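Trainee: I have a structure to read and little practice. Could you take me through a few residues?

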Amino acid sequence: MQIYADNAATTKMSDAAIEAMTDCMRNWYGNPSSLYTIGQKAKEKLEEAREEIAKVINAEPREIIFTSGGSESDNQALLTAAIDGKSKGKKHIISSAFEHHAILHTLNKLEKNGFEITLLPVHENGIIRLDELEAAIREDTCLVTIMTANNEIGTIQPISEIGAICKKHGVVFHTDAVQAVGHLPIDVKAQNIDMLSASAHKFHGPKGTGFLYVRKGIIPKNLIEGGAQERGKRAGTENLPGIMAMSAALKEAVAGMEHNNDHMSEIRDYLISGLSEIPHSALNGDAKQRLAGNVNFSFEGIEGEGILLLLDQRGISASSGSACTSGALDPSHVLLAIGRIHDVAHGSLRLSVGEDITKKEADYIITSVKEVVAHLRSFSPVWRDLTDGKKEFILQ
Amino acid sequence: MALYSDKVMDHFLQPRNLGVIENADGIGEVGNAKCGDIMKMYLKIDDDTITDVKFETFGCASAIASSSMATELIKGQRVEDALKLTNKAVAEALDGLPAYKMHCSVLAEEAIRAALEDYKKKKSEKE
């Protein structure tokens with residue numbers, strides 16, 4: 001059995017996206033900046049895609065900037081808010097402790113350049129508290145950037161409420177919605193979102209393509225200087241094959257969203273209940289306020305990389321927050337942020353299932369994880385010390 | 001290219017000398033759970049020759065494979081020869097490790113050395 005359960009890392013391109021991409025490559029190869037018919041046809045396709053995408057999040061087409069993906073969008077959003085803030089003498093930014101590195105590393109850079117950063121705690125359930133957000137807002141706060149849904153533990157943040165608080169205080173609100181676009185309903189107007197980042201390959205579109213929504217009234221600051229593409233805010237000939245494919249993928253994702261989420265959340269809950277039978281394990285993040293496809297567990301006494309490789313032997317592709325899987329020394333900052341100590345953060349497993357996951361596959365995953373965990377524990381000196389009573393269990 | 005060599009995968013999927021030795025003549029444990037690697041080695045030694053060796057490891061695939069390979073390399077060796085085991089020899093026997101996983105082979109060397117030192121200490125206490 002082959003089960004791809006790492007959709008939070010990337011998704012398989014949909015047929016509609018592949019068709020849109022090849023259609024573009026074959027037929028709409030002109031440069032949208034060229035004035036002859038072939039170029040203008042390409043321009044039409046570009047603007048059609050922009051309209052489709054804008055519609056999905058209830059934005060205006062002119063508020064959409066096409067980028068190379070989530071990281072670029074995040075960088076441009078933060079730079080935009082920072083430059084605007086600085087010009088007004090506002091150099092304080094609020095974010096959360098478990099943002100994607102595209103946000104956290106950019107914030108580190110801004111901090112070195114004189115900005116003050118407040119990272120809100122995300123607590124054991126992986127959700128920020130609104131009272132803590134409101135208390136953190138100061139006179140000189142120029143930006144609140146909080147992700148819509150976390151990439152590792154899938155927890156969904158109260159975006160509408162955050163938007164309302166930011167509006168009340170006149171602070172720009174950006175959300176990294178890379179894990180959410182195409183999976184959760186988003187309405188930038190109703191939710192008071194000023195800037196939003198998205199990436200096509202998380203919703204069955206192609207890699208290397210994404211977009212940034214910037215509300216009218218905020219002037220985006222360039223990361224890439226050059227030609228006048230994207231209203232002069234992002235130079236470089238547009239990646240039209242990618243953009244057309246992204247639009248097709250998003251259209252399909254949104255059309256099936258409700259149905260898919262009902263199905264996936266049922267399987268998710270089934271997986272959670274099955275994996276909870278493993279002794280001394282714990283679900284990471286809130287059980288309900290999470291993406292429909294996301295399951296993230298910590299298993300005490302073992303290390304995550306072994307779990308992944310043994311699951312791979314059984315045809316299951318998954319992910320882990322262990323240090324060993326990333327080449328880093330510390331385990332996932334997300335798991336540390338929700339209070340998992342190193343010892344159990346190393347033994348984590350993330351399953352992010354796709355829309356086509358079946359109950360039968362879920363059963364196979366549960367059985368496989370149970371066997372793999374038992375096997376690795378059978379020769380773990382940590383597990384021996386725990387079961388011999390020489391050490392105390394952290395996860396009950 | 002795969003992350004690991006076939007040898008690493010072989011020793012990870014079918015680790016040699018897994019387990020514990022009751023009343024071992026030497027036991028060595030190195031690493032810590034915070035960093036994500038712990039290795040524990042058990043030695044049975046007769047007449048300064050390693051007659052049996054077992055290990056338990058908490059860690060990634062290369063840590064498990066490194067401990068497995070290290071036990072294979074020293075099994076049947078004289079104590080003074082086993083003390084010469086280097087992490088390089090472990091890594092080479094595994095057909096190499098990714099650069100950021102070399103510390104796993106270092107840990108295997110240290111675990112073997114710790115078990116041998118424990119044996120020597122116990123032996124000198126007896127004498």
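Mentor: We will look at burial, contacts and backbone angles, one residue at a time. Keep in mind that this is a predicted model.

Trainee: Where does Ala81(A) lie?

Mentor: Ala81(A) belongs to helix α3 of chain A, residues 70-87.

Trainee: Is Ala81(A) buried or exposed?

Mentor: Count the C-beta atoms around the residue. The cut-off for buried is 20 or more others within 10 Å. Ala81(A) has 26 such neighbours inside 10 Å, so Ala81(A) counts as buried.

Trainee: Which residues is Ala81(A) in contact with, leaving aside neighbours within four places in sequence?

Mentor: There are Cys142(A) and Leu143(A), and also Val172(A) and His174(A). Now try a distance. Ala81(A) and Ile366(A) are 285 residues apart along the chain, and their C-alpha atoms are separated by 45 Å.

Trainee: Which sign does phi have at His204(A)?

Mentor: Positive, about 70°, although His204(A) is not a glycine. His204(A) sits in a chain A loop, between β7 (195-199) and β8 (210-214). His204(A) is buried, because 26 other C-beta atoms lie within 10 Å.

Trainee: And what is phi at Asp95(B)?

Mentor: Phi is positive there too, about 60°, and Asp95(B) is not a glycine. Look in chain B, in the loop between α4 (87-93) and α5 (102-126).

Trainee: Is Asp95(B) buried or exposed?

Mentor: The cut-off for exposed is 12 or fewer. Asp95(B) has 12 other C-beta atoms within 10 Å, so Asp95(B) is exposed.

Notes:
Residues are numbered from 1 along each chain as its sequence is written. Chains are lettered from A and ligands numbered from 1 in the order in which they are written. This is a predicted model: local features need pLDDT of at least 70, side-chain atom pairs count only at pLDDT 80 or more; totals for chains, interfaces and linings use all residues. Helices (H or I, at least four residues) and strands (E, at least two) are DSSP runs, numbered from the N terminus. Two residues are in contact if their C-beta atoms, placed from the backbone, lie within 7 Å.
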